[in-house]
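Dear colleague,

I am handing over the structure below, and I would be glad if you could look at it alongside the notes that come after it.

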Amino acid sequence: MALIEMENIKKDYFLGETVVHALKGINLQIDKGEFIAVWGPSGSGKTTLLNLMGAIDDPTEGETAISGKKIHSLSDNERSELRNETIGFIFQGFNLIPVLSALENVMLPLQIMGISGGEAKTRALKRLIEVGLGETMTQRPAKMSGGQQQRVAIARALVTDPSLVIADEPTANLDSETARMIIALMRELNEKEATTFIFSTHDQRLLDQVKRLVRLEDGKIVNGGSK
Amino acid sequence: MKNWIKMAIRNILRNKRRSFVTLVAIGVGFAAVSLFRGYTDNTYFGLRESAIRGEGLGHLIVYKAGWLQKGKLDPERYMFSKEEVKKITEIVTEEKDVVLATPQIHLTGIVSNGNISTIFLAQGVVSKDDRTIKGAWASFRPITGEGLNDKKKYGIEMAQDLAKHLNLEPGKDGVVMVSTLSGQMNAMDIQVSGVYDSGSDATNDKFMRYNYDFAQSLYDTQMAERIVILLNDWKKTETMRSRILGKLAGQGIACEIKTWNELSLFYSKVRGMFDMIFLFLFSIVLVIVVMSTVNTMSMAVLERTREIGTLRALGLKRKGVSLLFAIEGGLLGFLGSLIGMALHLSVWAIIRGISPTYTPPGVSTPIPLIVNLVPQSMAVLMIFLIFLSLAAAILPARRAAKQNVVDALGHV
């Protein structure tokens, strides 16, 4: 069974009386363990597609299934549980909670899951060490560099052992050296744990590393929709 | 939950100035209500003691059935006979919560110093029982002279303005005239044993107290108008009224019992006024707390929209977001109440240090301004403000929870 199945997905945005067709009938199937980049020009629908895969948005038409679960049939609470247990998010702007330390940020998804403080701390610390931030676990995001913050975000995305990690332009706010490190880290985790990574990017360095490229143009897949 | 509370505390500290203003608003509101409650607690205590002991009402007053409606028209019919007084006293004093039961007669008439005369209102009391009723309160308004005693049956206590008006002082003689039970005029010599402050401008120029036996002689009767009952705890007033009423009815004695607060008009009116002021003050504080909390939490929701989106994307349910903001609201109420308690204690200490006095309207002498510490009321107020702040945070919290995740994540 495919991890993600998208069937004839359309997404329209209504800006006053103007209708913007962001996605125009997307059909896509992604298997477990893939390392996929969604790329294309600005406004091609990359972020919209990732939001739909991440169950944080609804399509105007079509159906998305994650591990066989049809998203549109789930209640808001069930979707929240699905995101918490199955999906990890890495955002372009890192989106760490500023009042929490690196460790507490990584513990957050586990706390939402209801895992006890002790176990959550152990698991979060393990992930932080994996991303090379064991020494800076008590620091808050404001005291960390962009690269460090993005590594915390990666640790947070992986701490629940999700089957899918969605990253929206994860290297966009990073310098070249840090971007290279982040790419290498994601690649390593993908190979070691068979976690599926899907990310949108313009970064050629990242595109060179992926196994599969999905190119979007004007709301349609023009290349890489099927393997 | 511990981690969510920790996160809420850090979020409160995040915008220190705004949180400080909110906490001060809640704190000042708490202190205002709490201090007023402390002031009324002391005032109610003073008024209660003044009514029970100062006015000599005791806790319960037993009248023969019908006295309150027709007693003045036909007193003989509605007064207690000597035997009835004895029987009632025996029945009542069987109760362990009853300190004493004592008969009284109230008379009105004219008092003269030999040259000028004026009207008076007087209580005929058993002097030993009257001293028990007064208790420690007697030291609050001490009597000049020796006061009532059994040795000098014709000795009376006179309120200070009446004594001043008649130019009488302890040791000096006068004459009282009253209408007897059968309607004849009766006059008897008196000697002023003591002069006292009734505590009220309205009664200081009219009141007198004399011995019960003397009052009976003056009224030419062996009967009593009322039986005053003193209890060991004022809180048992209502319970004991029902109990004694039942017991007396069981013995075939038809009577009615009034409580001290029903008969003390001053207490009832002052309490009614203070309760109204308290309600008014409380309403203002309620509005301030709700407005401050709603404003703070609305600003917090607006500023943290992106964070809310992140938390939702990570899997936090809508009710989880609501809970997070509700905890913050509740914490604002809790911390604000702590500030309020500190303010209350500071003002309380200052008042105790300065010991200011004031003269309320209608009262003859200045009284000390005292604010009590009422821990029970402070605890109730704190719990109320915590829940109020929590409830006030619910509205913005629900708005936060209902936001679309994508829109929230895109919020700048």
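The notes below concern the domains of chain B and one pair of its helices.

This is a predicted model, in which local features need pLDDT of at least 70 and side-chain atom pairs count only at pLDDT 80 or more, while totals for chains, interfaces and linings use all residues. Residues are numbered from 1 along each chain as its sequence is written, and chains are lettered from A and ligands numbered from 1 in the order in which they are written.

Chain B is assigned domain 1 (2-50 + 267-409) and domain 2 (56-263), with bounds that come from an automatic or database domain assignment. The centres of the two domains of chain B, taken over C-alpha atoms, are 49 Å apart. Each domain of chain B gives nine residues to the contact, where two residues are in contact if their C-beta atoms, placed from the backbone, lie within 7 Å. On the side of domain 1 of chain B that touches domain 2, α2 (16-54) and α11 (265-303) are the elements that give two or more residues (helices are DSSP runs of H or I, at least four residues, numbered from the N terminus), and α2(B) has the largest share, three residues.

Helix α2(B) also packs with α14 (residues 375-402) of chain B at an angle of about 150°, their axes being 10 Å apart; axes are lines fitted to C-alpha atoms over the stretch in contact, and angles run from 0 to 180 degrees between N-to-C directions. Among the residues that meet there are B:Phe30 and B:Arg37 in α2(B), and B:Met378 and B:Leu385 in α14(B).

Best regards
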